[in-house]
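Q: Could you take a close look at the aromatic residues in this model, and at what surrounds them? I'd like one connected walk-through rather than a table.

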Amino acid sequence: MTQGLPDTLAAAARALAATPLTALFARDASRVASLTFAAAGLTVDLSKQRVTPEALALLVAHAETAGIPHWIEAMLAGERINLSENRSVLHTALRREDGAPVVVDGRDVMPDVRATRARIAALATSLRDGTRRGATGAPIRHVIAIGIGGSDLGPRLCVDALANPASPPPVPVRFVSNVDPDELDRALAGCDPATTLAIVESKTFTTQETLANASALRAWLRAAMPGADTRGHFIGVTANVDAAKSFGVDADAILPMWDWVGGRYSLWSAVGLPIAIACGPAAFDALLAGAAALDAHFATAPLARNLPALMGLCDWFNVRAYGAQQRLVVPYARALSLLPSYLQQLTMESNGKSVTRDGAPVDGATEASLWGGAGTDGQHAYFQWLHQGTHPVPVEFVVAVDAAHDATAGAGERQSLLVANALAQAQALMQGRDGDAAHRCPGNRPSTVVMMPRVDARHLGALIALWEHRTFVEGCLYGINSFDQFGVELGKSLAQPIAAALTTGAALPAATDASTRALVAHVLASRSVIPAKAGIQS
């Protein structure tokens, strides 16, 4: 506890840890007003966190000492703050609405950004209005988005969140990320090869899972349309244009990715093309606009009123002061049910590190694990554990005030019941309940409530940008680089020889451990068919 905290913050943490949350409310009649903040249409209540206005002031002072204003300015200016990869971090440039230049290596990147946004809109429109046609001349009616990680989670979240059941898209988008053959089979069920198009999203165009799925889909197209030119059934989003061309994507159907945009921040780029197709170019523009509004707040608000900075400080304080090893996100909106999955990559891939930017060991714990699911379903699953379990976990409730759609009878009443449940759960975690041992809930469990008017494109964009920036602030406080992910690459490199052993019988490397050797042998002995499924090879 209190790892890596300055003395003043450590003392504040000890005092707060010994004080029930209910007592903090009783002492300060203005607590809610002092600890409620707003930006870009979002309102955040931090009053149920284990902080006080005085402690928050100490945290802000620590952020100043840690150089948070410098790091914010450096990121937005395009400096190479991704030190291990010597790259700028400029996903914010993708959603800028003003005409100001953003210079990388002496070149303004904004003309390319604007040109790509225009291409996204044109491609989405051509698919939605039926003018984009396949090899037989039939209009494209189904889109399969193939990617993994950042090339999948962000677009998948947004398409699901912004779907309007009363107005289905003219061209539905289905997502494929898992290399499990069942996932592609399910995505292609009911699709006509003559009217199906794939968007293949990979910065390097060498991602194993993505290329395996794309190659299988290409084989499916060729088998159904022998001799036909299937290049028009593909769009590529990549930084490796030559590889995409070699795969069979026409040059005019390749959209760029830039090395100054990390994968988990790429939904704002051409990786967001599935959003524009499924939801419309106007919705994609509104998503970008909401994020841009939050960016402007992040860039200009003083730290004492800067919502991402304050939330990042609270996240960091929960880890360092109170030893939080987990955090839970519960969106009280069916439309946001994929939000926890998206945030898992954003937070844990960014800040799941144990060394500083300089390669030295960190001076305490770093990122807490993140999980969650949609309310009210969670109340009938893991909320028992939250209320009476032995591991207190900070909870974040994301609450949409109004329903996104109200096509069915009684929607307003059900939405009120949904919101009431969210607010009641936050209250119950804090206050608890007295009674005998079986019925007692100890309370004193912290939470945050994030309120948004409704789940629409603009507020969704702001919500995602809020999480991006607070994750960045938290990483700066830990002293780590939030923008690389070398741990991800380790497992992928080890998978290659194992895959070769399973598909071709190749010998495993000498350094392979005994357990892995035994498991490979078990798979080979148990299989009914050893060769790789037809169509997987490129």
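A: Here is a walk through the aromatic pairs, then the strands that carry some of them, and then the nonpolar cores. Bear in mind that this is a predicted model.

Let's start with the rings. Searching the whole structure turns up eleven aromatic pairs. One of them is F234 with F247: the ring centres are 5.4 Å apart and the planes stand at 85 degrees, so this pair is edge-to-face. F234 belongs to strand β8 (residues 234-238), while F247 belongs to helix α10 (residues 241-247), and 13 residues separate the two. Both F234 and F247 are buried. F247 has another partner besides that ring: the charged end of R218 sits over the F247 ring, 4.2 Å from its centre. A similar arrangement turns up with W71, where R357 lies over the face at 4.0 Å from the ring centre.

Now for the pair made by Y332 and F397. Their geometry is tilted, with 6.0 Å from centre to centre and 45 degrees between the planes. Y332 is in strand β10 (residues 326-332) and F397 is in strand β12 (residues 395-400), so the pair ties together parts 65 residues apart in sequence. How accessible are these two? Y332 has 1% relative accessibility and therefore counts as buried; F397, at 0%, counts as buried too. The pair also isn't on its own, since Y332 and F397 are members of one aromatic cluster together with W371, Y382, F383 and W385.

That brings us to the strand holding Y332. β10 runs parallel to strand β11 (residues 369-372), and four bridges join them. Q326, for instance, has S369 as its bridge partner in β11. Put helix α14 (residues 339-351) together with β10 and β11 and you get a right-handed β-α-β unit.

There's a right-handed crossover elsewhere as well: the chain goes from β5 through helix α7 (residues 150-162) to β6. Strand β5 (residues 142-146) and strand β6 (residues 173-176) are parallel and share four bridges. An aromatic residue shows up in this pairing, as F175 in β6 is the bridge partner of A145.

What about the wider nonpolar packing? In soluble globular proteins, nonpolar side chains tend to be buried together. Here the largest nonpolar core has 143 residues, and W260, F317 and L336 are the ones with the most contacts inside it. Helix α17 (residues 457-478) gives the most to this core, namely 13 residues. Leaving aside residues up to four places away in sequence, F317 touches L5, L9, A13, L16, R50, V51, L59 and Y322. A second core, separate from that one, has 16 residues, among them L328, L386, V395 and L418.

One last stop is L307, in helix α13 (residues 307-322). Its relative accessible area is 0%, so L307 is buried. With residues up to four places away in sequence left out, L307 touches F37, A38, A39, V44, H297 and L466. For V44, the sequence gap to L307 is 263 residues, yet their C-alpha atoms are separated by 8.0 Å.

Terms used
Residues are numbered from 1 along each chain as its sequence is written. This is a predicted model: local features need pLDDT of at least 70, side-chain atom pairs count only at pLDDT 80 or more; totals for chains, interfaces and linings use all residues. Side-chain values use heavy atoms; hydrogens and water are left out. A nonpolar core is a set of buried Ala, Val, Leu, Ile, Met, Phe, Trp, Tyr and Cys residues joined through side-chain atoms within 4.5 Å. Buried means under 20% relative accessible area, exposed over 50%, partly exposed in between (1.4 Å probe, protein chains only). Contact means heavy atoms within 4.5 Å. Rings of Phe, Tyr and Trp (its six-membered ring) pair if their centres lie within 6.5 Å; planes under 30 degrees apart count as stacked, over 60 as edge-to-face and the rest as tilted. A charge sits over a ring if NZ of Lys or CZ of Arg is within 6 Å of the ring centre and within 35 degrees of the ring normal. Two strands pair if DSSP finds at least two bridges between them. A crossover is right-handed if, with the strands pointing away from the viewer, the path from the first strand over the helix to the second runs clockwise.
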